[in-house]
Amino acid sequence: MLIIAQHGEIFIILACLFGFFMAWGVGANDVANAMGTSVGSKAITIKQAILIAVIFEFLGAWLAGGEVTNTIRKGIIDPELLQGDPQLLVYGMLAALLAAGTWLLVASMKGWPVSTTHSIVGAIVGFAVAGLGPATVDWGAVGKIAASWVVSPLLAGTIGFVLFKSVHHLIFEDANPFSAAKRYVPGYVFLVGFIVSMVTLTKGLSHVGLDLTFNQSLLLSILLGLVIMFVGLIMQRRIKFEHNTNDHFGYANVERVFGVLMIFTACAMAFAHGSNDVANAVGPLAAVISVVQTGGEIGGSALVPWWVLVLGGGGIVVGLVTYGHKVIATVGTGITELTPSRGFAATLAAATTVVLASGTGLPISTTHTLVGAILGVGLARGMTALNLRVIGTIAASWLITLPAGAGLAILFFFMFKGMFG
């Protein structure tokens with residue numbers, strides 16, 4: 001208690017700095033989930049992607065980032081175990097933020113799309129093992145998270161494969177692909193509106209006081225899907241068939257129709273991502289603020305002040321603008337060649353997987369899900385369409401993430417303990 005009273009202000013300043021650093025890592029690395037397919041398919045330029053993401057990621061983080069955020073992410077450790085030594089939680093959360101932020105900096109510089117959730121989870125496991133002993137970690141929860149490495153890419157890849165095959169069969173194999181696109185794309189627009197609304201309502205807005213049941217979310221998502229379909233129909237009517245001597249089948253015109261779809265998915269996915277993943281940065285930060293302000297009292301959850309969400313949203317934006325382009329390039333062009341129709345199939349498959357995971361409570365990574373979906377779409381065109389070297393590098397970076405976060409957190413935990421303890 002005495003340590004917290006003596007160094008309270010220093011702890012809060014450090015927590016804000018490290019929280020901003022972690023949010024920077026989320027922006028630099030994870031925003032590729034929302035933007036990679038849109039940029040890779042050339043539906044929007046990198047500058048437009050950054051502009052869309054800056055607006056919608058920040059709005060998602062600020063408006064829907066969480067009034068109440070669990071301080072001990074994913075239930076990995078029991079807060080009751082720290083009641084006697086609240087300063088250990090402060091050291092641990094500072095170490096977790098700094099460790100996860102450092103690993104995301106390394107991964108972003110290399111252009112590796114890694115999971116920010118797994119980075120912070122690994123870091124918290126590291127601090128718990130170092131500070132409290134291995135027995136205090138809920139290894140069942142950690143095992144569930146590890147299982148999601150396999151489950152979420154497989155599920156998203158399967159959905160992406162089926163979606164792209166349906167697009168190919170219904171539209172590209174038709175005698176008149178452009179007419180078929182105009183006929184079927186409104187249905188796909190509805191699907192995008194419905195699925196992305198479900199992502200946002202089930203994952204994003206429950207913290208804003210809009211605590212909807214699953215059935216209410218379902219009904220509202222159907223209505224939003226119909227509204228977005230109507231807007232899509234208006235935009236679609238403006239697309240006129242352009243004759244091109246090099247494009248006998250009119251495929252380029254079909255891709256222009258799908259390009260309209262990609263703008264919708266980019267905006268909505270950025271909002272849902274900002275609202276969901278800002279918790280990785282502000283959760284531990286809120287825990288430190290809560291412990292310091294209550295004089296060492298530890299609760300299972302902490303109220304997040306509004307300025308903390310602004311700090312998190314600001315960090316995400318700065319990370320995206322400074323380093324986001326590297327991971328966007330890997331996700332958008334490194335794995336397989338994307339066009340708007342392929343990018344649409346991948347984004348919708350990833351969004352669908354996130355909705356299914358939210359409904360079943362499966363802890364998944366949006367990064368793993370999106371990469372799996374892109375793999376599925378690439379696989380629909382045959383193994384030769386995939387860049388196996390890039391896929392191998394991504395898989396290796398995923399395996400390293402948890403132990404890297406844990407190892408760095410142990411190092412930083414003892415450093416803070418030595419400095420203040």
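In which helix is the place of Glu 57? Glu 57 sits in helix α3, which covers residues 46-64. Before we go on, keep in mind that this is a predicted model, where local features need pLDDT of at least 70 and side-chain atom pairs count only at pLDDT 80 or more, while totals for chains, interfaces and linings use all residues. Residues are numbered from 1 along each chain as its sequence is written, and side-chain values use heavy atoms, with hydrogens and water left out.

Let's start with the whole chain. There are 14 helices and two strands in it; these are DSSP runs numbered from the N terminus, with helices being H or I runs of at least four residues and strands being E runs of at least two. The chain has 421 residues, and 58% of them count as buried. Buried means under 20% relative accessible area, exposed means over 50%, and partly exposed is in between, using a 1.4 Å probe and protein chains only. Now look at contacts, meaning heavy atoms within 4.5 Å. Among contacts between residues at least 6 apart in sequence, 85% join residues at least 24 apart.

Back to Glu 57. Is Glu 57 buried or exposed? Its relative accessibility is 1%, so Glu 57 counts as buried. If you leave aside neighbours within four places in sequence, Glu 57 is in contact with Val 31, Ala 34, Ile 52, Ala 270, His 273, Gly 274 and Ile 316.

Just ahead of α3, take a look at Lys 42, which lies in the loop between α2 (32-40) and α3. Most residues other than glycine have a negative phi. Lys 42, though, has a phi near 65 degrees, a positive value in a residue other than glycine. Lys 42 counts as exposed because its relative accessibility is 70%.

Next up: how helices pack. Two packed helices are described by the angle between their axes and the distance between the axes. Here, axes are lines fitted to C-alpha atoms, for helices over the stretch in contact, and angles run from 0 to 180 degrees between N-to-C directions. Try helix α4 (residues 86-110) and helix α10 (residues 279-293), which pack at an angle of about 155 degrees with their axes 9 Å apart. That makes α4 roughly antiparallel to α10. For these labels, angles under 35 degrees count as roughly parallel, over 145 as roughly antiparallel, 65 to 115 as roughly perpendicular, and the rest as oblique. The crossing of α4 past α10 is left-handed, which means the near helix is turned anticlockwise from the far one by less than a right angle; clockwise would be right-handed. On the α4 side you'll find Pro 86, Leu 89, Val 90, Met 93 and Leu 97, and they meet α10 residues including Ala 281, Pro 284 and Leu 285. The residues of this contact divide into eleven nonpolar, one polar and no charged. In that count, Ala, Val, Leu, Ile, Met, Phe, Trp, Tyr, Cys and Pro are nonpolar, Asp, Glu, Lys and Arg are charged, and the others, Gly among them, are polar.

Now move to helix α14 (residues 388-420), the home of Gly 407. Gly 407 has 38% relative accessibility, so it counts as partly exposed. Between Gly 407 and Ala 99 there are 8.2 Å in space, C-alpha to C-alpha, although they are 308 residues apart in sequence.

Which helix crosses α14 at roughly 45 degrees? That's helix α5 (residues 116-132), whose axis comes within 7 Å of the α14 axis. The two helices are therefore oblique to each other, and α5 passes α14 in a right-handed crossing. The α5 residues here include Gly 122, Gly 126 and Phe 127, while the α14 residues include Gly 405, Ala 406 and Phe 413. This contact divides into ten nonpolar, seven polar and no charged residues.

Helix α13 (residues 366-379) also pairs with α14: their axes come within 12 Å and cross at roughly 160 degrees. Thr 367, His 368, Val 371 and Leu 375 in α13 meet Ile 391, Ile 394 and Trp 398 in α14.

Trp 149, in helix α6 (residues 139-172), touches His 118, His 368, Trp 398, Leu 399 and Leu 402, not counting residues up to four places away in sequence.

Finally, a search of the whole structure finds one salt bridge, meaning a side-chain nitrogen of Lys or Arg within 4 Å of a carboxyl oxygen of Asp or Glu. Arg 183 forms a salt bridge with Asp 174, with the closest N and O atoms 3.4 Å apart.
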